[in-house]
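Dear colleague,

I am passing on the structure we spoke of, and below it I have set out what I found on going through it. Please read the notes with the structure open beside them.

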Amino acid sequence: TLTFNPPQPVPDADEDVLASVLRDDGSIEIWEANFDGTNWWTSNTTLILCPVVSWAHKPDGVDLRVVA
């Protein structure tokens, strides 16, 4: 079971979480992310510029990254 939290309070710095990100088209995507104390980052260290609307603790074994 995942429990999504509001964007505030933020998770512990550098904790791997699942972030709900609001896209420009109004859709929501779930990204692996972390919060460094100032900014949200994807799991591949890309700055998240879209609003993070909620986050959840990432369960063990979950990997949303696409492997080519």
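A residue is called buried here when its relative accessible area is under 20%, exposed when that value is over 50%, and partly exposed in between. By that rule, 25% of the 68 residues of the protein chain count as buried. Please keep in mind throughout that this is a predicted model.

As to the overall build, the protein chain has four strands and zero helices, so that the order of its elements from the N terminus on is β-β-β-β. A compact globule with 68 residues would have a radius of gyration near 11 Å, and the protein chain, at 11 Å, agrees with this. Taken along the principal axes, the box that its C-alpha atoms fill is roughly 30 × 25 × 25 Å. Where contacts join residues at least 6 apart in sequence, 52% of them are between residues at least 24 apart. The accessible surface of the protein chain is about 4600 Å², and carbon and sulfur atoms account for 53% of that area.

Turning to the interior, the largest nonpolar core is made up of nine residues, namely Val17, Ala19, Val21, Ala33, Phe35, Trp40, Ile48, Val52 and Trp55. Strands E1, E2 (28-35) and E4 (52-57) are the elements that give two or more residues to this core, and E1 gives the most, with three. In soluble globular proteins, nonpolar side chains tend to be buried together. Within this core, Trp40 may be worth a look on your screen: leaving aside neighbours within four places in sequence, its contacts include Val17, Ala19, Ala33, Phe35, Ile48, Val52 and Trp55, and among the others are Val10, Pro11 and Thr46.

On the surface, Leu2, Phe4, Ile28, Ile30, Val53 and Leu64 form a nonpolar patch, which together has about 470 Å² of accessible area. Leu2 lies in the segment before strand E1 (17-22), and Phe4 is likewise found in the segment before E1. Is Leu2 buried or exposed, or does it fall between the two? Leu2 counts as partly exposed because its relative accessibility is 40%, and Phe4, at 34%, counts as partly exposed as well. Beyond its neighbours within four places in sequence, Leu2 is in contact with Leu18, Ala56, His57 and Pro59. Between the C-alpha atoms of Leu2 and Trp31, which are 29 residues apart along the chain, the separation is 14 Å.

With best regards

Definitions and conventions. Residues numbered from 1 in each chain as written. Predicted model: local features only at pLDDT ≥ 70, side-chain atom pairs only at ≥ 80, totals over all residues. Heavy atoms only, no water. Buried < 20%, exposed > 50% of the residue type's maximum accessible area, 1.4 Å probe, protein only. Contact = heavy atoms within 4.5 Å. Core = buried A, V, L, I, M, F, W, Y, C linked by side-chain atoms within 4.5 Å. Patch = residues over 30% accessible without salt bridge, like charges linked within 9 Å, V, L, I, M, F, W, Y side chains within 5 Å. Areas by Shrake-Rupley, 256 points an atom, 1.4 Å probe, with all protein chains shown as cover. Salt bridge = Lys/Arg side-chain N within 4 Å of Asp/Glu carboxyl O. Rg over C-alpha atoms; globule rule 2.2 N^0.38 Å.
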